[in-house]
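The following exercises concern a pocket and the ligand of a predicted model. Please attempt each task with the structure in view before reading its solution.

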Amino acid sequence: MEQTLILIKPDGVQRGLIGEILSRFETVGLKLIALKMVHAAHEDVDQHYALTEEWMQAVYTKAKTKYDALGQPFPYADHIAYGTEIKNGLVEFLKSAPIVAMVLEGEQAVSLVRKLVGATEPASSAPGTIRGDLSHDTYALSNSQNRPLRNLIHASGTVAEAKQEIPVWFTDTELYKYEHVNDRVQYDPEWFLS
Ligand code: ADP
């Protein structure tokens, strides 16, 4: 069964949205196997957001696509400078105040959680998603204020990413094993056999 890492960022904690966010994951049927509030150290956040060329290019392209769609000039020429600035801002943001880290487990949990979380820019996130329903920040505002998007939540993007991210925040013994109702009702092939 897949596992995925979620961080509720300082804006989610300070807006009192921990319960609301957690309930969306519980309601969809995912199993919570680890949970903690942490005021993160620089090294943890730095390690969590690996500054790869691929990530910088993706961050740059996502933002530029939105500016293009609005017919607005994108004021940054260089994905490395742009990506590095965003990563540095993110590290400062995530270590500035307590966050909540959790691990969820379930069938295709990584993509399921990404679907529930929504697009990176809250104003473009679909209604029904966590970011779309609970936040409305934009690239334009966050870039003009030189800060990362306040989009409430981080969720692992791929299974490989989840495997790298979970040990940054949890030891093996902090990942709990217990019986959840969905271990039977959702996943046990014999549960409904008489
Ligand atoms: P996601 O969190 O949706 O997976 P990314 O991995 O691309 O998004 O980016 C990580 C975080 O960096 C985002 O959640 C957001 O807080 C911030 N961020 C990304 N791109 C930008 C941007 N162009 N401007 C401001 N903040 C950004």
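**Exercise 1.** Determine where the ligand sits.

*Solution.* The ligand is located in the largest pocket. A molecule is assigned to a pocket if more than half of its atoms lie within 2 Å of the pocket's grid points. The volume of this pocket is about 880 Å³. Its lining comprises 35 residues, of which Y49, W55, V59, K62 and E161 are the closest to its centre.

**Exercise 2.** Identify which helix gives the most to the lining of the largest pocket, and which gives the most to the shell around the ligand.

*Solution.* Step 1: for the lining, helix 4 gives the most, with 6 residues. Step 2: for the shell around the ligand, helix 4 again gives the most, with 4 residues. Step 3: helix 5 and helix 8, like helix 4, each supply at least two residues of that shell.

**Exercise 3.** Classify the residues of the lining and of the shell as nonpolar, polar or charged.

*Solution.* Step 1: the lining of the largest pocket divides into 16 nonpolar, 11 polar and 8 charged residues. Step 2: the shell around the ligand divides into 10 nonpolar, 4 polar and 5 charged residues.

**Exercise 4.** Describe how the protein surrounds the ligand.

*Solution.* Step 1: there are 19 residues around the ligand, and K9, K62, Y82, T120 and N151 come nearest. Step 2: an oxygen atom of the ligand lies 2.9 Å from a polar side-chain atom of K9, and a polar side-chain atom of R131 lies 3.0 Å from an oxygen atom of the ligand. Step 3: a polar backbone atom of L149 is 3.0 Å from a nitrogen atom of the ligand. Step 4: on its own the ligand has 530 Å² of accessible area, and the protein covers 95% of this.

Key:
Residues numbered from 1 in each chain as written. Predicted model: local features only at pLDDT ≥ 70, side-chain atom pairs only at ≥ 80, totals over all residues. Heavy atoms only, no water. 1 Å grid on protein atoms, 1.4 Å probe; cavity = no way out; pocket = protein on both sides within 12 Å on 5 of 7 lines; lining within 4 Å. Points joined across faces, edges and corners; volume = space filled by probe spheres on them. Nonpolar A, V, L, I, M, F, W, Y, C, P; charged D, E, K, R; others polar. Near = heavy atom within 4 Å. Polar contact = N/O pair within 3.5 Å; in protein donor to acceptor, adjacent residues only side chain to side chain. Areas by Shrake-Rupley, 256 points an atom, 1.4 Å probe, with all protein chains shown as cover.
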